[in-house]
Every structure is written in C-alpha cells, then in structure tokens.
Amino acid sequence: MSSSVPRLVVAAPSSGSGKTTVATGLMAAFAARGLAVSPHKVGPDYIDPGYHALATGRVGRNLDAYLCGPELVGPLFLHGARGCDLAVVEGVMGLYDGAAGEGELASTAHVAKLLRAPVVLVVDASSQSRSVAALVHGFVSWDPEVRVGGVILNKVASDRHEVMLREALEQTGVPVLGVLRRAPQVDTPSRHLGLVPVAERRAEAVEAVAAMAAQVSDGCDLDALAGLARSAGVLSCEAWDAAEAVASSPPPPLPVPSSRGSAPSTPPGDSAPWTPDRPERPRPQTPDGLVVAVAGGEAFTFSYAENTELLAAAGADVVPFDPLRDEELPEGTRGLVIGGGFPEVYAAELSANEPLRKAVAHLAESGAPVAAECAGLLYLCRELDGQPMCGVLDAGARMTGRLTLGYRDAVAVGDSVLAAAGTRMRGHEFHRTVVEPGAGAEPAWGLRTPRRRVEGFVRRGVHASYLHTHWAAQPGVARRFVERCRTS
C-alpha cells in the first residue's frame, strides 16, 4: 500500500528558535481553512502535542524512531493521518540532533527522511543579518537526503531587517516562506520540565493557539507551504493498526508467580536469553466490562495515544479518571494505568484526596495489575515532598534541582504484569525528582544506558518505574496487561 498525504516537517537549527509557535500556528491556520490537519511531534515530548490537539481538534501523536524503531515511523504517521488533508510534523531540538551516541537516529532529519517529507527551517533571525545565509546554506548542504524546501524567519525586528535577510538568502536559492515579527502574546509559560500543559491552562492555551494562528497566517505564505507539503514523496507502507498489532503479538505466558523471590543485583547482559512465545492470533475480543482505569486531569497529562488504543484493542474498557477530583476509581476497575505528569505541582491536592489514595492502595494490595510511569511512580510512593501519597511502595519521593533526561535501553529484570523477564524495551526518562530507594527488592528494569543499573519496582501486580515507554514497540505489553486484568 502507498500513501501520499501532503506533509511538512517544521525544524530549526536549535531549540528555542520558534518551532512550536510556527508548527502549532500552521496547524491552526490550515485547520481554519477547513482542512483536516494531522498533528505530529518528533521525539518523546508529551506537552507540545496538547497544543497541537487544540490547534487541529485531533489527537497529537509522537513519532520516535528510538522508542519505536525506524520501521514504525511511517506506519504510525499514516495511522494518525488517516482521513486528513495535510499533516504538520514538529521537529525536536536542532534539525540534526538525535539520540546521544546514535548518529542521526531519532533526529528530526532522520524522521523527515523516513517520511519522505520536505523540511521548513525556522530560523531565529533576531541577532543576525547576512550571516543567516551561511547558516541556512550549512543546514541545507549537510545531508543531501534532507530536502529543505523553505525558510521561515522568526523574531525579525523591522522592515529593514527583513530586507537584509531576504537579500542574503537569495544567494542560497532557498525560498523565504514566512517572516514573523516578535510577538510576546504567543509566548506560553514554562517551568521545570518545559511548557505548562494545556490541561492546566486551557483558556489561556486557546488564546495562545489563536494568536499563533493569526501570526502565522499574517506572516507566512500558506499557499506556498501547502504546495510544498503536496510535493512530499509517496510512503510505501501500511498504516499501523492497534488490533492487528495486538493480534500479532506473542500471547501472555502463564500467570506471574507470587513475588517473593530475589532479583539480580545488576541488569542482565546483552546476552540474556529471551525467547518469545510462538505468536498466535487471539480470538477477537470486545470490551466486556473489563475496566482499565487510566489517570488523567491536570496532574497526569503524559501519555501516548497508542498505549490506550492498544489496551482497548486487547479487550479493555478504558475509562479515564482524575486523581485530583474523583474520590473513587471507576466502577468495576480491574486494572490501573497511571502515566506521567506533574504530581509534584499538585502534591497537596493529591494528598488531600484520601479516599482515592486508599482506593488505589486497596486495588494494588488485591493483586490487580497496576502500571505506573514516572508521575505514577511518585503517586504510589509513601510520600512526595512530605505529602502522604498512596503508600503502595515503600519509598519516598522528593523534588531536586537536577534534571534527569535521556533515552534508555532497558530489559525486564523479572516477570511482571507488563513483561516477561528478558523482554527488551527502549524508554525515556524526564524528571527532576528522585525516589529513594531507586529500586525495590524486585526491580522493574535493568538499564544499559547511560550506565548499568536497576530501576523501578515490581510488587505483586504493580509495575512502577521512571521509564516512559511507547507500547507500539511492544504491543504484547498491552495484551499481557489486559490478560492479567482478566485473570487476577
């Protein structure tokens, strides 16, 4: 199967150049023209997709060649772009910046090549004039396989400044597709992990997206950008499908034994054996009242849409709830997923909701499957910055001034509700908190990068870790989790 969805990749020489403003503004401006716009973000960012969703009315989706593998970038893109007239892909960091020590892997340039998509380079021109030509020439010529189809000049000071920039860029042969003046009204507030999520400032976020759309509409040649998007190459791959991914994943092995054994003190080596069970197609399943509750609201905003789609495809009735406001878990909850977010910002409010904390603890003690990532890990601890949490894990959590950030290569140390021992996954850490101890008697993962260590907690049906994972890379995770819900 082949597809030629019109698409653009919005990139920049470095972070802070204005990619998010331009990409989000383009999405909203094209949507205002009546187009169905598919929003995408390169890398593991959870926050920008929230603004993309506001701009387009569609789920913002991530394209990560490290977490999911290069082979899934095209299929996941087509999955998100089904039925759309045009797609806009926001890049990450600088155009050629990828996973540390991995060359181009997971860079914006890598994803653009995988998507056969033209690149629009957003350049912060605030402190330069003629030098902009040298900068653009360098980015255009660095990798001949990356097609930079145009430049959008950001933070241009005046009409005279714009004339100088345009004259310089004529020598490069790269067309100027937009010029944006400085516009503080489109700025969005940031804090310790980046932009403040949409869920925490929805009214202000709507206004900011509208301002971005107006600025881009006024300053950019939307017709030329749409024409560039239509020049994208044909993608010869099938769209990813959650039901097919679950059907082709290995079936869950026998139930997990009681967690009373000891775990290795170091991560299994690269030669650790792992022989997946023989794949077989499961019987078609539909939600049958098997409720998997998924945390949401302002405190838990980090999640990949494909993870919940896989849970539903595996037979779960996925029901969201808000730990800040709901005093009970959804009726009939058989499993619980608590993703990432900002519990450190809402520690007092989360702690004050004692009925829900007790309900979560009771569910965990019953042996029901609980999967917690990063923010979810903090919520399951005894306390967070001195505020009582759920007490499921014998660990304390606190804020620090140190940022932990980066991709991780991981292997499951033992059996859990998510993975059989030896299962290999790639993940991402992004936090300024610390949990003490950092691993339980039975850790969740052995990490090979950047240093060898064990991390996280496995206790009865609980799997809690700092590691964010994209289940499309291992759809058997969702199938295994739902089956444990069914049998626990």
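Colleague: Where in this predicted model is Cys-374 found?

Modeller: Cys-374 is found in the loop between strand S13 and helix H13, the latter covering residues 375-380.

Colleague: Why is Cys-374 called buried?

Modeller: The relative accessible area of Cys-374 is 5%, and a residue counts as buried when this value is under 20%, so Cys-374 falls into the buried class. Its backbone also deserves a look, since Cys-374 has a positive phi of about 55° although it is not a glycine.

Colleague: What makes Asp-385 partly exposed?

Modeller: Asp-385 has a relative accessible area of 37%, and partly exposed is the class between the buried limit of 20% and the exposed limit of 50%, so Asp-385 belongs there. Asp-385 sits in the loop between strand S14 (383-384) and strand S15 (387-388), and its phi is near 50°, a positive value in a residue other than glycine.

Colleague: And how do you know in which class Met-164 belongs, buried, partly exposed or exposed?

Modeller: The reasoning is the one just used: with a relative accessible area of 30%, Met-164 lies between 20% and 50%, and therefore Met-164 is partly exposed. Met-164 is part of helix H6, residues 159-169, and although 32 residues separate Met-164 from Val-132 in sequence, their C-alpha atoms are 9.7 Å apart in space.

Colleague: Why are helices H1 and H8 called roughly perpendicular?

Modeller: The axes of H1 (residues 19-32) and H8 (residues 222-230) come within 12 Å and cross at roughly 100°. Angles from 65 to 115 degrees count as roughly perpendicular, and the crossing angle of these helices lies in that range, so H1 and H8 are roughly perpendicular to each other.

Colleague: Which residues make the contact between H1 and H8, and how many of them are nonpolar?

Modeller: On the H1 side the contact is made by Leu-26, Ala-29 and Phe-30, and on the H8 side by Leu-222, Leu-225 and Ala-226. By class, this contact has 6 nonpolar residues, with no polar and no charged ones. Leu, Ala and Phe are among the residue types that count as nonpolar.

Colleague: What makes a set of residues a nonpolar core, and which residues have the most contacts inside the largest one?

Modeller: The members must be buried residues of certain nonpolar types, joined through side-chain atoms within 4.5 Å. The largest such core here has 116 residues, and those with the most contacts inside it are Phe-77, Leu-153 and Leu-225. Helix H1 gives the most to this core, with 7 residues. A second, separate core has 39 residues, including Leu-329, Ala-361, Leu-380 and Phe-457. As for Leu-153, leaving out residues up to four places away in sequence, it touches Val-123, Val-132, Leu-165, Leu-169, Val-176, Gly-178, Val-179 and Leu-180.

Colleague: How do you know that strands S13 and S21 pair?

Modeller: Two strands pair if there are at least two bridges between them, and S13 (residues 370-373) and S21 (residues 462-465) have 4 bridges, in the parallel sense, so the condition is met. Glu-373 stands opposite Ser-465 in S21.

Colleague: What makes S11 and S20 the edge strands of the sheet?

Modeller: The open sheet is formed by 6 strands in the order S11-S10-S12-S13-S21-S20, with mixed pairing. S11 (317-321) and S20 (457-459) are its edge strands: each pairs on one side only. From one strand to the next, the twist averages 15°.

Colleague: Which strands does helix H10 lie across?

Modeller: H10 lies across S10 (291-295), S11 and S12 (333-338), and runs at about 140° to S11. An angle has to be over 145 degrees to count as roughly antiparallel, so H10 and S11 fall short of that class, and their angle counts as oblique. Within H10 (residues 305-313), Ala-305, Glu-306, Asn-307, Leu-310 and Leu-311 are buried, and just after H10, Gly-315 takes a positive phi of about 115°.

Colleague: How do you know that S17 and S22 count as paired strands?

Modeller: The requirement is at least two bridges, and 2 bridges join S17 to S22 (residues 468-469), so this antiparallel pair meets the limit. Here the bridge partner of His-428 is His-468 in S22. S17 is also joined to S16 (residues 396-412), by 12 bridges and again antiparallel, with Thr-433 in S17 as the bridge partner of Met-399.

Colleague: What makes the peptide bond from Glu-436 to Pro-437 a cis bond?

Modeller: Its omega is near 0°, and the bond is cis. Pro-437 lies in the loop between S17 (424-436) and S18 (445-447).

How values were computed. Residues are numbered from 1 along each chain as its sequence is written. This is a predicted model: local features need pLDDT of at least 70, side-chain atom pairs count only at pLDDT 80 or more; totals for chains, interfaces and linings use all residues. Side-chain values use heavy atoms; hydrogens and water are left out. Buried means under 20% relative accessible area, exposed over 50%, partly exposed in between (1.4 Å probe, protein chains only). Axes are lines fitted to C-alpha atoms, for helices over the stretch in contact, and angles run from 0 to 180 degrees between N-to-C directions. Contact means heavy atoms within 4.5 Å.
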